Amino acid sequence: MSHSDIASIVEAARANAVSELALVDTLPEERFDRIVRLAMALMEMPYSFVNLVDKERIWAKATFNQKDYESTRDQSICNFAIRNPLPTVIEDTLLDDNVHHLNYVVSTPKFRCYVGIPLIYAGEIVGALCTLDTKPRKIPAQKVQLLSDLAKVVESEFQNVQLEQESHGLRAQKKAWRDLSTKLHGNDQLSGLRSHALELVAQGTPLKSTFHEMIAGVEREFPEMICSILILDDDSEHVVRCYGPSLPDAYNKALIGLKIGHGVGSCGTAAATAERVVVSDIFNHEYWSDYLALAEMAGVGACWSEPILSSDGKVLGTFAIYHREIREPQEIEFRLIEQTAHLASIAIERDRANKLIWQQANYDALTGLPNRELSAVHINVAINNATRNKQKFALMFLDLDRFKEVNDTLGHDAGDLLLIEASRRIQNCVRASDSVARLGGDEFVVLLNDVRGEKGVEKVASNILQALTDPFQLNEDIAHVSASIGITFFPDDGKGLDELMKNADQAMYQAKESGRDRFSYFTNELREEANERRQLSEDLRRAIKEDELVLHYQPVVDLKSGKIIGAEALLRWQHPTRGMLYPDDFIELSDETGQTFPLTHWVVKKAISQSMIWREVAGEAFKICVNTSLRQYTDNSRHSEHWLTELEAHKDKANNIIFEVSEQLLVNPTDDIIANIERIKACGIELAIDDFGAGYSSLAFIKELGIDYLKIDKQFIANVAATKDGQVLCEAILAMATKLGTKVVAEGIEQPQQLQVLQHIGCEFGQGYYLAYPLTAQVFSERLAQQS
């Protein structure tokens with residue numbers, strides 16, 4: 001048989017399975033949409049699909065945005081994933097010969113990373129659960145395994161679809177079947193039992209109730225039988241649950257914890273061998289020789305047991321039929337035991353799938369701690385209990401200090417290991433009645449129930465701080481972090497979830513601002529500060545719209561000629577009630593409240609307009625420096641893209657602008673940061689490193705990115721005339737800048753001696769109060785006119 005013949009057979013079998021599933025071109029369903037959302041959160045990717053393979057196309061049953069999606073098979077990455085029963089992981093699609101040419105790779109949305117898990121129904125691969133990203137990614141094996149587990153949930157829902165289709169047609173006949181149950185025999189009896197069991201599973205009935213009703217139904221139809229269902233642990237080694245309502249309680253309890261094996265009764269042997277076991281005479285069979293006392297207690301003489309198997313062949317438990325007398329099974333009883341074991345398998349897998357979905361929705365995949373949603377439930381329960389019992393509880397908001405440095409220097413895998421170990425250490429510091437949750441990133445919440453006062457809470461906080469300052473062994477590397485903790489109390493500080501979380505968060509920031517590696521209590525003063533900051537934030541939004549902002553300009557001077565050759569734009573805010581506010585009063589707030597981009601957009605627009613006026617007076621070389629925030633280079637959101645697009649649209653007017661950036665930006669710039677800088681440079685905008693020398697920027701990146709200016713930090717200029725070392729350092733910076741082809745501006749010139757030394761060592765440009773204070777645009781224009 002040729003390869004093409006085999007392929008045709010496989011495709012025909014796949015098409016039959018997809019047709020039998022009957023999901024293609026159906027409406028969206030929450031149960032599949034929910035899995036897609038979980039997949040995106042689990043893999044931290046922006047796209048996910050549950051795709052089904054039709055004859056000529058790939059069709060999505062569930063999508064990341066709940067919109068219709070389909071593709072021809074030859075243009076879908078999933079078309080390759082379905083050829084292999086194992087997960088398909090493509091960390092960079094442009095490097096993969098099979099997919100680098102596909103439409104969705106080379107054009108919008110330009111998928112660069114793909115993880116796909118084949119979905120199996122009726123023994124055939126009918127589609128894939130996939131997640132995608134528009135940038136290449138390293139995918140840990142742990143996350144691939146978790147996505148594979150989630151794919152099992154999809155397959156379980158496929159089985160549920162079949163069950164629902166069958167049970168839908170059976171519901172209308174249920175009453176008639178019950179009325180005729182006494183007249184039905186053989187297959188009719190089995191059909192009635194099967195339909196009722198399918199309804200229980202489709203309705204999501206709890207597993208215990210489902211099994212008790214199934215057993216009751218069998219025993220009602222066949223009164224001479226006694227039935228039981230045993231469930232094994234995850235390793236399929238021990239009995240963990242026993243459902244036998246007609247057996248003595250002592251009998252059922254004796255089976256809990258029993259280790260299965262060949263010769264361990266009918267059920268233990270069936271579970272160990274994964275095969276049916278028929279024992280017609282319990283008191284004369286080797287499998288029961290060690291369990292005759294149990295048989296006498298239950299009053300049974302015969303037992304045949306059927307293993308309950310999962311869809312992939314794993315033993316989940318057993319279904320057993322007992323008889324009081326010695327007897328051989330009849331043909332209908334073989335069919336009954338086989339059918340009931342299959343129905344029990346469906347019920348168990350549905351129950352486990354629901355538990356997996358709940359686990360994924362409520363627990364952090366990395367640390368295993370409760371996530372933000374479940375933490376909110378715990379806190380609300382604590383509020384209700386404390387209110388009812390007139391108790392107090394403490395809420396801690398914890399943030400790791402310097403965690404970003406670990407991620408940036410050692411990588412995200414090391415960061416993940418640190419978070420796992422940190423969560424373990426935090427848990428070891430609290431009682432069993434308390435709870436620890438991870439909110440995301442390096443933020444944790446600790447709930448301490450029923451506290452009597454501050455002393456016990458402080459002990460827990462101190463223990464956590466000490467535990468987290470111990471070194472973290474991350475494979476071959478060692479990392480050191482600390483923590484900042486904010487503490488608030490119910491009901492003294494707040495009586496609702498949102499208020500308590502906000503209070504604890506504010507107290508945590510107070511601990512950070514006080515030096516980190518400490519805890520801080522929430523106080524009324526913090527509340528007042530928070531209210532004041534919130535009001536100031538609202539005022540700032542209004543200020544941008546109502547033209548309350550103004551720019552002052554500090555001259556940048558040629559130190560040889562004394563001529564003004566540029567300016568630094570300095571933002572001021574003429575607040576209607578607080579008077580003139582300076583950047584230190586509101587810039588940090590703008591970063592925290594997401595107003596950085598509109599604020600900088602206003603400054604840049606104003607500076608561009610002013611530069612076009614002044615270059616007519618001072619010449620084409622006249623430049624205006626504008627301060628920019630780290631966030632504008634590191635935040636790849638729609639705000640950042642809009643800002644860059646606006647610059648590109650006005651690049652013909654922007655070539656007299658210099659953007660000042662923090663030296664921190666060039667410590668270890670990512671590909672995204674470099675790409676953003678290159679876009680800015682392409683607009684004709686020059687770049688200056690502000691406060692150069694205070695950080696640890698890379699000289700290689702200064703050269704590679706074509707940084708145009710280094711603005712020497714004020715602390716160096718303060719020492720340039722005071723100490724020999726100060727002069728030596730400034731000379732070294734000048735020499736280095738000359739080699740790199742970069743100009744130098746000395747900031748903070750406040751004394752004539754400083755100016756003289758800078759002129760002596762050959763510094764070209766400078767600014768500072770000794771040369772000129774910041775000026776209004778009108779006064780600056782007058783200075784330029786006088787200079788001309």
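Begin by selecting strand E1 (47-53) and strand E6 (124-133): each supplies at least two residues of the lining of the second largest cavity. The model is a predicted one, and the stops below are places to select in it.

**The second largest cavity**

To show the whole lining, select Phe-49, Asn-51, Tyr-69, Gln-75, Ser-76, Ile-77, Cys-78, Tyr-104, Phe-111, Tyr-114, Cys-130 and Leu-132. The space they enclose has a volume of about 90 Å³. Colour the lining by class and it divides into 9 nonpolar and 3 polar residues, with no charged ones.

**The sheet**

Next, select strands E7 to E11. These 5 strands form an open sheet with antiparallel pairing, and the order across it is E8-E7-E11-E10-E9. Strand E8 (239-243) and strand E9 (277-279) are at the edges; each has a single partner strand, so one side of each is left without a neighbour in the sheet. From one strand to the next, the twist averages 20°.

Zoom in on the E8 edge. Strand E7 (residues 226-232) pairs with E8 in the antiparallel sense over 4 bridges. To find one of these contacts between the strands, select Leu-232, whose bridge partner in E8 is Val-239.

**Helices on the sheet**

Add helix H8 (residues 207-221), which packs on the sheet and touches E7 and E8. The direction of H8 makes about 150° with that of E7.

Now select helix H10 (residues 265-273). H10 lies across E7, E9, strand E10 (302-309) and strand E11 (315-323), and it runs at about 150° to E11. Of the 9 residues of H10, 7 are buried, so the helix is largely enclosed by the rest of the structure. Which residues of H10 are buried? They are Gly-265, Ser-266, Cys-267, Gly-268, Thr-269, Ala-270 and Ala-271. Their cover includes E7, E9, E10 and E11. Step past the end of the helix to Ala-274, which follows H10 and has a positive phi, near 60°.

**The largest cavity**

Stay with H10 for the last stop. The model has 2 cavities of 30 Å³ or more, and the largest has a volume of about 160 Å³. Its lining is made of 18 residues; select Leu-255, Leu-258, Val-264, Cys-267 and Gly-268 to see those that lie nearest its centre. The elements giving two or more residues to this lining are E7, helix H9 (249-255), H10 and E11. Which element gives the largest share of the lining of the largest cavity? H10 does, with 5 residues. By class, the lining of the largest cavity holds 14 nonpolar, 4 polar and no charged residues.

Terms used:
Residues are numbered from 1 along each chain as its sequence is written. This is a predicted model: local features need pLDDT of at least 70, side-chain atom pairs count only at pLDDT 80 or more; totals for chains, interfaces and linings use all residues. Side-chain values use heavy atoms; hydrogens and water are left out. Two strands pair if DSSP finds at least two bridges between them. Axes are lines fitted to C-alpha atoms, for helices over the stretch in contact, and angles run from 0 to 180 degrees between N-to-C directions. Contact means heavy atoms within 4.5 Å. Buried means under 20% relative accessible area, exposed over 50%, partly exposed in between (1.4 Å probe, protein chains only). On a 1 Å grid over the protein atoms alone, a cavity is a set of points where a 1.4 Å probe fits but cannot get out, and a pocket is an open set with protein on both sides within 12 Å along at least five of seven lines; lining residues have an atom within 4 Å of a point. Grid points are joined across faces, edges and corners, and a volume is the space filled by probe spheres set on the points. Ala, Val, Leu, Ile, Met, Phe, Trp, Tyr, Cys and Pro count as nonpolar, Asp, Glu, Lys and Arg as charged, and the others, Gly among them, as polar.
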